[in-house]
Every structure is written in structure tokens, then in C-alpha cells.
Amino acid sequence: MSYEVRICDVVKKYGDFHAVDGVSLDIRQGEFFTLLGPSGCGKTTLLRMIAGFNKIDQGEIYFGDRLINNISANKRDIGMVFQNYAVFPHMTVSENVAYGLKARKISKPERTPRVLKALEKVQIENLKDRMPDALSGGQQQRVALARAFVIEPGILLMDEPLSNLDAKLRVQMRSMIRKLQTQLGVTTIYVTHDQEEALAISDRIAVMKDGKVMQVGRPEEIYRKPQNLFVANFIGNSNQIPGEMVDCANKVGTLKLDNGAKSRIKLREDYTGEVIVAVRPEYLYFAEEGIPGTIQLATFLGDFVLYEVELPGGQVINVNEYGNMSHIRKIGDKVKVRFQEEYISVYKNSEEVLSC
Amino acid sequence: MLSKFRYRFLNFWTISTLVLLAFFALALIYPLGSLFLNSFKDGENGFTLQNYITFFTKKYYYTALGHSLSIGIISTLISTGCGVALAYVMHRYNVVLKGALKILFIICLMSPPFIGAYSWILLLGRNGFITGILGKIGIQMPTIYGKTGIVLVFSLSLSCYVFRYVTAALQGIDRSLEEAAESLGASKMRRLFTISLPVVFPAISSVMVIVFMRSLADFGTPLLIGEGYKTMPVLIYNAYLSEMGGDAKMAGAVSVVTVLISLGILLLQKAYIARRNYKMSGLRPPLEVKLTGWKRALVSIPCMIWVFVALLPQIAIIVMSFIRTNGPIFVGGFTLNNYREAIENCGSSIGHSFLYATIAIVFIVIFGIITAYVSVRRRKQGGTLLDTLVMFPYVIPGAVIGICYIVSFNHRPILICGTAIVIVLAYVIRKLPNTVRSSVGVLESIDPSLEEASISLGVPAMKTFFVITARLMLSGVAAGAVLSWISCMNELSSTMLLYSSTTMTMPIAVYTYVCRGNYGIAAALGTIMTISILAALCLVARLTRKTGGII
């Protein structure tokens, strides 16, 4: 039986420092929910509060209707996967996986097939009698994963489970985790600092910074419509270009850039004055008309070429050009840059988004 | 509300911490406090500084302080110099029979200094074996009794400590450091004195402090070979004897001065290394230099001579235990009589030593693991306090522990003097620091998330500790525990004050028979001790083979 998780105004203090500073989240039953943020943003602290390894200083956390603030970790009905695997080094693979079942007093005839099935699901049934020191990092993480879900926990918690693996294995494991989670339908809370991983794996993401939630949403929402500059910069790459909003009426304004380029933008509210425009490199393109610039560096990256373009004011922006591999531009080439208006975000200041 | 209270406060660790704190309050703070207070008492229980004034004005007392300091400093310098040189040479060059020499060093390390003292008397004393031979060809040896003998015994046995510590530190140097120095144009000698030695100097300074404190605290050696050359522990013992039945006021004052000196030296060294904690990866230790011909002999022979001299007392004792004796005179001819008499007369003290050391080690391991856990994983919940308390006996000489137990536990409500309990208690308090340090080392290498994984799988914290953490710590801790067991078997300085006719131990028996001039039985007992220690060391070797080697 999988739970929904309600986190209400939760605070964790270390002295005067608020590691988690009033976070509220509603995580739906069966959802794959990711806490994403740079190191020190409080995501792991929050996960450990949910797990029961960090005390909750203020606020409440509910699993379903059950308030779990004062329930010790071993009674919270969770499964947890750790960054450094935490496979018990003195037990074989199958003993590791059976460990939680034994703690639940599940008899041997029932235990053995469940362990085997779990090992099959993570494709290491052939390693069941090995000791952990004879396993690779990826195999150890599979053991840890099997051990966490074999007990059919109400909530599965994962603390950067893939960050110690190499890039290729990380992608493989991430799709395995996602498939397993969908099959089991278990509510999963996943912590990572890797935005690509978060986008790939999650139903919803909470982006965190300095102990606070900056934005909660589906991956494509977060990518397309970052609610503030922090999210815009943290998720993917963004160019920031200063501009000015003029002639605003009926929630439509004219965006004027320093070089005089103008475009009409739909707004959330009427506003005139200085703004910041965030636009991703893939939504910029070279055209006959646009902001003039000079190529400073061209980097060939396989399916696209990344150009660093210097604007007249001295600012350097990134432009990705797809599909034009036969003709890579040279350093010093003069270009004109335009952006796809529906994919830009306009901010009043670093906190408030203006564009819809 | 109750469940909240239980969740936050009432768990296994809080209770263990409280129990251990109570134990230290009773077995350490209370006795030391009593002794400290006693040293400020006059005849009518009023406050006075008279005992300290006496100490610093009467020649009898302050010369002993001078003796202790001069022996401490000289022995520390000699043993450090030799120990570092030997460790460096053994670590860096292909010394002949290196493996065997290393094992022999460890054996020297494990044998108590007073056995060495006794054996040097047998060899170089007035009726000594070597003295006799040299006397026949007309060579007069300088006397072994007094300061010379004490310094000789300390330098030899303590250099083995230095050797062991410095060897471990040298293994931590990464080859790249020296390669970097070389690539910058430093010659071999320059490299040694500007890179290799300075980076291990924090370790050298730590072992110097240990060596100094040991030579300050050792009791058996000056008692046996000192012959009137009094040091502080001897003074404590004598003061106590003359105050028999009294409050140990003067003995208390001498003890307090001794403890303060140890503490002062330790704090100085801590302040010195505070900013010199070099972290080195030591992933690629330096390669052994392969020497050939006379160069190889040049580095090998001094090592062999040193090991031979350091081991000579052990060999001498074993050989002499089989020689027919008449009192202090070895009359020649082989016999097993000494062993027969030793077992007939001292069977019970052999039994006591094994029994007390074994009981003590059980407590030491349990307390050591729990203390280590609390001080590593629960710093804020009493861990730091416990860690400080447990290390305190480190600076307290055994004789001082003995005195303060006599002062505190010889009257109601705690009347345990003269029983085995007080001896075991002294062993536990004195040897706990070593086990705690080695347990802390093992525990720090165990990832806390292993425990969290177990808890998250539904196993309560306390059971997790026993199934996961303690289980993983055990092999490393066990090796350290065997070493502590050995030093309980060797313990002389506090037992000397605490034993009664029914609780005599092997080292006490050896000491008694040496004093009575019955050298044969003493040699047999000394051999039994050595064999027990060797057997225990073999056990350590077996235990550490799996865990990567503690020695």
C-alpha cells in the first residue's frame, strides 16, 4: 500500500542556519517526485527528515493520514537507497535483500522466492551468492535497489543513487529505476543535483535553493516556464539579456532590447520598466535580421554546434545551431541572432516572472 | 507525549551513555578527586599547601622529580633517534631478514620493561653472566644499577614503540611527494630532511610524548634496577607505604605533580601538532630501494644488532629459566625444576593473571565499542565528554591509579580494596583508552549509511548496532583487544599497590621472587609470561590477516 506524502511548512535548523526553511509539498500517491537543487540547498536534509534520520524542528510530515514526526525511522515503512549503496559488506547479495524481510518476520518459504524475484527484476539473480566486495558499483546499487523495494515499502526514498556511477551506466540505471517504479506504483521521492536526470525520470520536480522550494512542476513546465531566474539558469542553459518593457496595455507589452530590436510579448500583468530576458541557446537562431554579433568560439558537439556570440555591448551569449554541420561558422564571422518569441521568459527581477 | 519523549530521549544510546558516564564518575573522577583533595589536607582535615611545599623544598622529593625528568628526556631522545632511524632504514631498504626483524620488534614491544630490567641484572649485574665472563678476562664493566640501567632498559624497549608508530607514518607518505622534491632538484639527503621527515614529524612528536609518559610512569624498572635512584612512581609507592592506613596526603601530592607533568607535555604536543595535521593519501607508498653487497650489509647489520640487543633480555630469561639455581646464583646444568617450583608456588598467580586480564578485556571491548560509537556518532549527546573522560587515564601513571583506588575504595560505601574487583577495575580504566582509539579508527571507516539502510528496512537502532555496526567493528577491535589483554597480563604498577595475598598476579610474583633473590623461579615465570604473549600475538596476526594488519 503506497502513500501520499504531505509536507507542511517543515523547518530544519542547524544553529541559526535554516537548512530547510519552511517547505510545503504535496506528493501524490504513486508519483515519482524529485527534489532537485545544487549542493547545500537542503534537498538531502529534507529527504532524511522524511526518512526519519533528521529531526523535524518545525512543521509536520504525513504519510497518508499518519503524522510521522515522532515515529522512528524503522517504523515508517520506507525503503531507502543511498548514494554510496550501503550494501552490508558482511552479507551475500541475497542475504542483503532478505534483510528487511527478516526484520518483518517473513518466513523463509515466502522470503526466498521474493528475494529471487527482486533480484531478477534488477537482473542480478546470477550474483545472489556473491559477497559485495566482488561486485561493481552498478551491481551494488542494484542490490541496494532490490533490498529497498523487496519489502514493498509505502514510500521509496532515493538519495542521489546514481551519482557514483559512470555516465553510461547512470542512463541505463535511471531507466531501470523508472520502469520498476511504474510497475510497482510506489510513491517515490528522489534526490539529485543532476537536472538532466531529474527531467528524464520524474513525474514532478521541486527545484530547491537555500532551503526553500523555488518551483514545483512537471519537467516540461519547469524547463519551458521557469518561474524565476534561478530555475531558468539551473535547469538547462539560459542566456540572460537585459531589456526594457514599453507600451504596455491589456497584458501585452513591447519588449525592447538594447540594440533596438522589438517584439510583442503576452504578460501576466501590466508593467513597464527594465526587465531581464532569459532564452535558451536552442531557441536562438541565426537569421538575416536580428541582434548583430560576432562569433567568438565554435564548439562541435555532435548533433549541434554551440556558438559563443559576442553582442555589441560586450555580452557573450550561447547559440545552438542544429542541422547545419556542413558549414561551421568561423571565429570572427559576423552574424545576426533572433529568438523564438514563444520560448522566451521575461522577468521583472530575479524572483518574479512577467511573461506567461 | 510519552511517545515523543521516548522517541527523542529514551533509547539504547542515551542509556548507555549515562551508564558509561556513571562508570567514569565512579571509577575515575571520584578516586582522582579524592586523591587531589587529600593532597591539600593537613593532619586535622583542614586545607593546607604544606604537602606541596614539602615536595618542592625537601631534597628527598625534588631530586626524584629531577631524576624522573632527566631519565624521561634522555630515554625519549635515545629511543626516538634510534627508533626513527631504524624505521626509516627498514622501510626504505631491502634489509636482510626484514620480515623476521619486524616480528621480533613487535615481540620486544610487548614485553614489559621490568622483565628487561630484571634480565639486564642477570646479564650485567653484580653476579651477572656477562659481568662474570668479562671479569675473568680482566674487564671491569660500569655498573648497571641506577640511572644507566634505567635509561638502557627504557631506551631499548621504548625504541620499539617509536619504530612501530613511525613505520606506520612512513607508509602514509605518497611516492609523488618525494618524486616532486626530486624533480625540483633536491638531493637525497636534502629530500629526507626537508620532505620525508618533516611530514612524519607530527607522528614522531606523538610517539615522543607516549614514550616520555611511559618512562615517567614506569614503576617496575626503577624499583628493580634503580637501587636507590628514586623516580616519581617509586616516591609515590614509598610515600604510600610510610603513610599506611593514612590518607595518602604526601603520596597524593606527588601523584598530582606527576599527572600535571604528563598532562602538560601532552597539551604542549597537542598545541604543536594542532596546525600540522598533514593529510596524505599514501596511495602509492615509496618503493623499497634494492641495495647490494656491502651497502646492504651496512644498513642490515645495525638493525640486526639493535633487535638482538633489545631481544637479549627475553632470550636470557628463557635460557636461564632452564638453568639450575641456588638463590640468586645460577649454578649451571639444565633443569625443569624452576618451572616445577614456579607452578607449585605461583600456580594461583598465573591463574589470576589470565583470569583478571580476560575479565577485564571483556569489559574493555564492550565499553570500548560503545564509547567509540557514542563519541563518533553522537558527539553532541555526550560523546565529546565521554571521549575526553576515557582518554584521561592515558596521562595517569599506574601507580597513581593504584593510590587513588586505595584512598577511595578502602572504606564504606565502596569497600573493594584487596579484592579482585579493584584490580580488574584498574585494568579496565587503564587499558580502555587504547581500545577506544582503535575502535574509533575502525568505526570512522564504516559508512553511517549502512546503519541507516538497516533502520530504513525496519530494524530498530539498537538491533542495527549489534547486527551491522558491532559486527563490522569486531575483527578490528578484537586485534586491538588482544594487545590490551597482553598489557593487562604485564600490568605491574597499579597491581603493585592493589594486590593482596589472595590476588597476586604473575608480574607481582616475578617481582617478588626477584626481590627475594630467587632468580630461577622468576625466570621461569617470566618465560611463561613471554610465551603467553607470543601466543596472543599469533592470535592477533591471524585476526589481522583478514582485516589488513594492525601491527
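These legends go with a set of views of a predicted model with chains A and B.

**Figure 1. Chain B as a whole, with its 23 helices and four strands.** The radius of gyration here is 25 Å, close to the 24 Å that the globule rule gives for 551 residues, so chain B is as compact as a globular protein of that length. If you're setting up a box, the C-alpha trace of chain B spans about 85 × 75 × 50 Å along its principal axes. Of the 551 residues, 55% count as buried. Take the contacts in chain B between residues at least 6 apart in sequence, and 78% of them turn out to join residues at least 24 apart.

**Figure 2. The surface and charges of chain B.** About 24,300 Å² of chain B is exposed, and carbon and sulfur atoms supply 67% of that area. On the charge side, chain B carries 44 positive and 19 negative charges. The mean positions of those two sets sit 4 Å apart.

**Figure 3. Val514(B), a buried residue in helix 22 of chain B.** Helix 22 runs over residues 506–515 of chain B, and Val514(B) lies in it. With a relative accessibility of 7%, Val514(B) falls under the 20% cut-off, so it counts as buried. Who's packed around it? Skipping residues up to four places away in sequence, Val514(B) touches Tyr118(B), Leu224(B), Tyr519(B) and Ala522(B). Pro328(B) is also worth picking out in this view: it is 186 residues from Val514(B) along the chain, yet the two C-alpha atoms are separated by 8.3 Å.

**Figure 4. Val442(B) and its contacts in chain B.** This valine belongs to helix 18 of chain B, which covers residues 420–444. Val442(B) has a relative accessible area of 16%, and that makes it buried. Leave out residues up to four places away in sequence, and Val442(B) touches Leu472(B), Met473(B), Gly476(B) and Val477(B). For a distance to check in your viewer, try Val374(B): it is 68 residues from Val442(B) in sequence and 14 Å away in space, C-alpha to C-alpha.

**Figure 5. Chain A as a whole, with eight helices and 19 strands.** The C-alpha trace of chain A spans about 75 × 50 × 35 Å along its principal axes. Chain A has 356 residues, 51% of which count as buried. Among its contacts with a separation of 6 or more, residues 24 or more positions apart account for 65%. Chain A exposes about 16,100 Å², with carbon and sulfur atoms supplying 47% of it. As for charges, there are 46 positive and 45 negative ones in chain A, and their mean positions are 6 Å apart.

**Figure 6. The two domains of chain A.** Domain 1 takes in residues 5–232 of chain A, and domain 2 takes in 244–347. The contact between them uses nine residues from domain 1 of chain A and 10 residues from domain 2 of chain A. Measure from C-alpha centre to C-alpha centre and you'll get 39 Å between domain 1 and domain 2 of chain A.

**Figure 7. Arg48(A), with a contact in chain B.** Arg48(A) is found in helix 1 of chain A, residues 43–51. Is this arginine buried or exposed? Its relative accessible area is 19%, and the cut-off for buried is under 20%, so Arg48(A) is buried. Setting aside neighbours within four places in sequence, Arg48(A) is in contact with Phe53(A) and Asn54(A) of its own chain, plus Glu452(B) of chain B.

**Figure 8. Glu152(A) and Glu160(A), two glutamates with positive phi.** Most residues other than glycine have a negative phi. Start with Glu152(A), where phi is near 50°. Glu152(A) sits in the loop between helix 4 (137–149) and strand 7 (155–159) of chain A. Then look at Glu160(A), with a phi of about 40°. Its place is the loop between strand 7 and helix 5 (167–184) of chain A. Which of the two is buried and which is exposed? Glu152(A) counts as exposed, at 56% relative accessibility, whereas Glu160(A) is buried, with a relative accessible area of 9%.

Conventions. Residues are numbered from 1 along each chain as its sequence is written. Chains are lettered from A and ligands numbered from 1 in the order in which they are written. This is a predicted model: local features need pLDDT of at least 70, side-chain atom pairs count only at pLDDT 80 or more; totals for chains, interfaces and linings use all residues. Side-chain values use heavy atoms; hydrogens and water are left out. Helices (H or I, at least four residues) and strands (E, at least two) are DSSP runs, numbered from the N terminus. The radius of gyration is taken over C-alpha atoms; the globule rule is 2.2 Å times the number of residues to the power 0.38. Buried means under 20% relative accessible area, exposed over 50%, partly exposed in between (1.4 Å probe, protein chains only). Contact means heavy atoms within 4.5 Å. Accessible areas come from the Shrake-Rupley method with a 1.4 Å probe; for residues, only the protein chains shown count as cover. Lys and Arg count as positive and Asp and Glu as negative; His and the chain ends are not counted. The place of a charge is taken as NZ of Lys, CZ of Arg, CG of Asp or CD of Glu. Domain bounds come from an automatic or database domain assignment.
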